[in-house]
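Morning, everyone. I have one model to go through today, and I will start with its pockets before turning to a helix and a single residue.

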Amino acid sequence: MKHQDRITGAFTTLREQMLSLAERITGNRDDAADAVQDAFVKLWQQRGHYHDNRHARGAAVITVRTTSIDIARSKNRQADVPLENAESSSEDVTDESRELAYRQVLQIIDNDLSHKQRLIIDLREMQGLEFDEIAKRLGTTAANVRVELSRARKRVREIYQSRKKETEL
């Protein structure tokens, strides 16, 4: 069986299950369909790596899951502020205070994170690379990149909040 047939077969056989999985993760049928389609494209680009049907089906399910998580996270990053409230909320934060907070976060990233965490934040947040691309560059797995990014964000948040409390006292 050709590599293309394995990927196509996996998606044909598991399409409804993958849509259901993606919809549970994203909470939206349209986003779920996008996740399944994006996963298919990712797998199609690596179709030569799958040596049997079982391997292709497993990779398909995992890729749909991670793609769905990425889509759900990107949707959560978008502001859910109603348009009529957007102006009033932006007035509360001045450009100066936003710039100060930005500089403080950059300082924490530069001074308090490991080299690997700084690199992952730069590649993901500043350059917008996908987890798979970052993993390839660092010679690790996408899951490891997600964990390191999560830990780095948590550390930055904790240090920032701690320093903010100190200045308020």
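**Two pockets, one helix, one alanine**

Lining the second largest pocket are Tyr102, Val105, Leu106, Ile109, Ile121, Glu125, Met126, Arg153 and Val156. Two or more of the lining residues come from each of α5 (95–112), α6 (115–126) and α8. The largest share belongs to α5, with 4 residues. Sorted by class, this lining has 7 nonpolar residues, 2 charged ones and no polar ones. The space in this second largest pocket is about 230 Å³. Please keep in mind that this is a predicted model.

Now the largest pocket. It holds about 520 Å³ of space. There are 21 residues in its lining, and those closest to the centre are Lys42, Gln46, Thr63, Asp132 and Ala142. Which elements each supply at least two residues of this lining? They are α2, α3 (53–77), α7 (131–138) and α8. Of these, α3 gives the largest share, 8 residues. The class split for the largest pocket is even: 7 nonpolar, 7 polar and 7 charged. In the second largest pocket, to repeat, no lining residue is polar.

Helix α8 has come up for both pockets, as a contributor to the lining of the largest and of the second largest. It covers residues 142–168, which is 27 residues. Why should its ends be 39 Å apart? At 1.5 Å a residue, a helix of 27 residues should span 39 Å, and the end C-alpha atoms of α8 are 39 Å apart, so the two agree.

Which residues of α8 are buried? They are Ala142, Val145, Arg146, Glu148, Leu149, Ala152, Val156 and Ile159. As background, an α-helix has 3.6 residues a turn, so residues three or four places apart point the same way. Two names on the buried list have been mentioned already: Ala142, among the residues closest to the centre of the largest pocket, and Val156, in the lining of the second largest.

Last, Ala32, which sits in helix α2, residues 29–45. Is Ala32 buried or exposed? Its relative accessibility is 0%, so Ala32 counts as buried. Setting aside neighbours within four places in sequence, Ala32 is in contact with Leu19, Ala22, Glu23 and Thr26. Val64 is 32 residues away from Ala32 along the chain, and the C-alpha atoms of the two are separated by 8.8 Å.

That is what I have; I can take questions now.

Notes. Residues are numbered from 1 along each chain as its sequence is written. This is a predicted model: local features need pLDDT of at least 70, side-chain atom pairs count only at pLDDT 80 or more; totals for chains, interfaces and linings use all residues. Side-chain values use heavy atoms; hydrogens and water are left out. The expected span of a helix is 1.5 Å times one less than its number of residues. Buried means under 20% relative accessible area, exposed over 50%, partly exposed in between (1.4 Å probe, protein chains only). Contact means heavy atoms within 4.5 Å. On a 1 Å grid over the protein atoms alone, a cavity is a set of points where a 1.4 Å probe fits but cannot get out, and a pocket is an open set with protein on both sides within 12 Å along at least five of seven lines; lining residues have an atom within 4 Å of a point. Grid points are joined across faces, edges and corners, and a volume is the space filled by probe spheres set on the points. Ala, Val, Leu, Ile, Met, Phe, Trp, Tyr, Cys and Pro count as nonpolar, Asp, Glu, Lys and Arg as charged, and the others, Gly among them, as polar.
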